[in-house]
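Let's take a friendly walk through a protein model together. Have a look at the sequence and the 3D view, and keep both in sight as you read.

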Amino acid sequence: DLDKLRNKLQMGRGRVKQETGRATGDPYLEAEGKSERVGGSVKQVGEQAKDAGRNIKDAMKPPTR
């Protein structure tokens, strides 16, 4: 799913920014990276919840003949 890929990329970019900020002593870059990483994680959880809802909906459908 494209949204899941975008979320993982956002988490990766955030991790890189966070580590770069930590390595260079830039607290603003580190905080920005952490925020971006957490934002991607939250979106990823939302995608997983949507998938679970779809799976439940599909499981509740009557069988087709």
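The paragraphs below go from the helices to a few of their side chains.

Please keep in mind that this is a predicted model. A good place to begin is helix 2, which runs over residues 27-60 and has 34 residues. From its first C-alpha to its last, helix 2 reaches 49 Å, close to the 50 Å expected at 1.5 Å a residue. Now look at the start of helix 2, where a side-chain oxygen of D26 comes to within 3.1 Å of the backbone nitrogen of Y28.

Which residues of helix 2 are buried? They are G33, E36, R37, G40, Q44, E47 and D51. Part of their cover comes from helix 1, residues 2-24. Try finding K34 as well, another residue in helix 2. K34 counts as partly exposed because its relative accessibility is 44%, between the 20% limit for buried and the 50% limit for exposed. K34 touches G14 and Q18, leaving aside residues up to four places away in sequence. The C-alpha atoms of K34 and G21 are 9.8 Å apart, although 13 residues separate the two along the chain.

Next, turn to charged side chains. How many salt bridges does a search of the whole structure find? The search finds ten. One of them joins R22 and E19, with N and O 2.9 Å apart. Why is the spacing of these two worth a look? R22 and E19 are three residues apart in helix 1, so about one helical turn separates them. An α-helix has 3.6 residues a turn, so residues three or four places apart point the same way. R22 is partly exposed at 43% relative accessible area, and E19 is partly exposed at 40%.

Helix 2 offers a similar story. K50 and E47 lie three residues apart there, about one turn of the helix, and their side chains meet in a salt bridge at 3.3 Å, N to O. Is each partner buried or exposed? K50 is partly exposed, with a relative accessible area of 41%, whereas E47 is buried, at 9%. Further on, D51 and R54 are also three residues apart in helix 2. Their closest N and O atoms are 2.8 Å apart in a salt bridge, and R54 is partly exposed at 46%. Salt bridges that share partners also join R13, K17, E32 and E36 into one network.

Finally, find L2, which lies in helix 1. Together with L5 and L9, L2 forms a nonpolar patch on the surface, with about 300 Å² of accessible area for the three together.

Technical notes:
Residues numbered from 1 in each chain as written. Predicted model: local features only at pLDDT ≥ 70, side-chain atom pairs only at ≥ 80, totals over all residues. Heavy atoms only, no water. Helix = DSSP H or I, 4+ residues; strand = E, 2+ residues; numbered from the N terminus. Expected span 1.5 Å × (residues − 1). Buried < 20%, exposed > 50% of the residue type's maximum accessible area, 1.4 Å probe, protein only. Contact = heavy atoms within 4.5 Å. Polar contact = N/O pair within 3.5 Å; in protein donor to acceptor, adjacent residues only side chain to side chain. Patch = residues over 30% accessible without salt bridge, like charges linked within 9 Å, V, L, I, M, F, W, Y side chains within 5 Å. Areas by Shrake-Rupley, 256 points an atom, 1.4 Å probe, with all protein chains shown as cover. Salt bridge = Lys/Arg side-chain N within 4 Å of Asp/Glu carboxyl O.
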